[in-house]
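Work through the two exercises below with the model open. Each task is followed by a stepwise solution.

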Amino acid sequence: MNLPRQAQIVIIGGGVMGASTAYHLALKGCQDVLLLERESFFGQGATGKCAGGIRYQFSTEINVRLSQISLPMLQRFEDEVGQPIDLRWPGYLFLLTNERDVARFRHNVAMQRRLGVDTEWLDRDAVRQLAPQLDTSDVIAGTFHAGDGLADPNGVVAGYIAAARRLGVTALVDTDVTGISLLGDRLSQVHTSQGSVSCQVVVNAAGPYSAVVSDFAGVPLPVTPVRRQMLTTTPMAEIPADFPFVIDFAQSLYFHREGEGLLTGMSNPEQEPGFDERVDEAWELVHMEAAIKRLPALARAGRLSGWAGLYEVTPDAHPIIGPVPGVEGYYVVTGFSGHGFMHGPVAGLLMAEMILDGQTSTLDISSLDYGRFAEGRYIREYNVI
Ligand SMILES: Cc1cc2nc3c(=O)[nH]c(=O)nc-3n(C[C@H](O)[C@H](O)[C@H](O)COP(=O)(O)OP(=O)(O)OC[C@H]3O[C@@H](n4cnc5c(N)ncnc54)[C@H](O)[C@@H]3O)c2cc1C
């Protein structure tokens, strides 16, 4: 399909944020929407590289509240959008191995329970019973929420794109956005590898590349790309179908069942920001040594596949959702800092409300505005993996 000469709203980026925003705009009756993705397929960026985890266990109220809307949207997804997304609910089990994390998580669990999330506090024996495959000798305590789980990121993107198209949205691949023109302080055109489009509204949903895209509009965006990698294993008979999504919090090490094997990752705290998506083999060795220590059966498994992707990280590990002051018609939905897949559904809904109604009615997200960094209103998330 050719690039239209004009559109009311142009969305840059066809990952979960762009796809969800396009769908929710159309659902609210706005069809003059053009979604542009530079790759040949949608959802090949951070969304396609992600671990698929969905959880309520966060350390800030705003993140728990985003999950309280977004996860039920994923539960309804197949009925509403018409695409299966392989939902599973094995629960998330956090392992705590130092007193600082124990104190912090006690506080977090109390906050989660106050908001209606029934996270359980586990002593070491209870952790061992839940996941006897783990070496728990250094574990002090754990937290478990049975309503946390997993979903298929590609299914979510494909479902939203197909449903948005059915509702009248134009969604194009192979279209690289290369510039944005302003007329005074208003948006006027988006320039691409396929030509230029006049528009009134631009939504920057370019994930780890959102700061690059924002520079086109002359707006600095504090979003940094940071490499994260993981691998999958050959089948492991020791891992039952209901094995939880385990997070060894202090090491940022995680495992969940993938097919008949495991998916495991570990975040490198020393990782320099950048766009390099090659697998760091030296870090993979560090990761596997820690992973085998925690889950000894891994020593007998083979490596099936491995890949790296980019987190889109903000200074306070919370997203930026909303308009950017100074450029009329310019909105951003980015910076989810490692947990954007699960919040993609609600983020797209909130964007659609903001653009079409001028404010959100589903949830007050004024704390996630662009202005907070300049004004020092940081909201720190502790449960970053
Ligand atoms: C290894 C890893 C594991 C993760 N695990 C989880 C998890 O378990 N749970 C969870 O909730 N989140 C997880 N995340 C985070 C999650 O993947 C992201 O927060 C989320 O996918 C971001 O979605 P997005 O749409 O903003 O970005 P993306 O999916 O990257 O989409 C942005 C799109 O914009 C396109 N684009 C960029 N520049 C241009 C341009 N100039 N013109 C046109 N198109 C452009 C890109 O090609 C891309 O398709 C993980 C991330 C990684 C890397």
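**Exercise 1: The sheet**

Task: In this predicted model, find the order of the three strands in the open sheet and state whether the pairing is parallel or antiparallel. Then locate the edge strands.

Solution.
1. The order is β9-β10-β11, and the sheet is open.
2. The pairing is antiparallel.
3. β9 (177–183) and β11 (195–198) are the edge strands, since each pairs on one side only.
4. From one strand to the next, the twist averages 25 degrees.
5. Now take one pair. β9 and β10 (residues 186–192) are joined by six bridges in the antiparallel sense.
6. For a register check, look at Gly179: His191 in β10 stands opposite.

**Exercise 2: The helix pair**

Task: Describe how helix α1 and helix α7 pack. Are they roughly parallel or roughly antiparallel to each other? Which residues meet?

Solution.
1. Two numbers describe a packed pair: the angle between the axes and the distance between them.
2. For α1 (residues 16–27) and α7 (residues 153–166), the angle is about 30 degrees and the axes lie 8 Å apart.
3. Angles under 35 degrees count as roughly parallel. α1 and α7 are therefore roughly parallel to each other.
4. Add the handedness: α1 passes α7 in a left-handed crossing.
5. List the contact. α1 contributes Val16, Ala19, Ser20, Ala22, Tyr23 and His24. α7 contributes Val156, Val157, Tyr160, Ile161, Ala163 and Ala164.
6. Sort by class. The contact of α1 with α7 has ten nonpolar residues, two polar and no charged ones.

Notes:
Residues numbered from 1 in each chain as written. Predicted model: local features only at pLDDT ≥ 70, side-chain atom pairs only at ≥ 80, totals over all residues. Heavy atoms only, no water. Axes fitted to C-alpha atoms, helices over the stretch in contact; angles between N-to-C directions. Helix = DSSP H or I, 4+ residues; strand = E, 2+ residues; numbered from the N terminus. Parallel < 35°, antiparallel > 145°, perpendicular 65-115°, else oblique. Left-handed = near helix turned anticlockwise from the far one by under 90°. Contact = heavy atoms within 4.5 Å. Nonpolar A, V, L, I, M, F, W, Y, C, P; charged D, E, K, R; others polar. Pairing = 2+ DSSP bridges.
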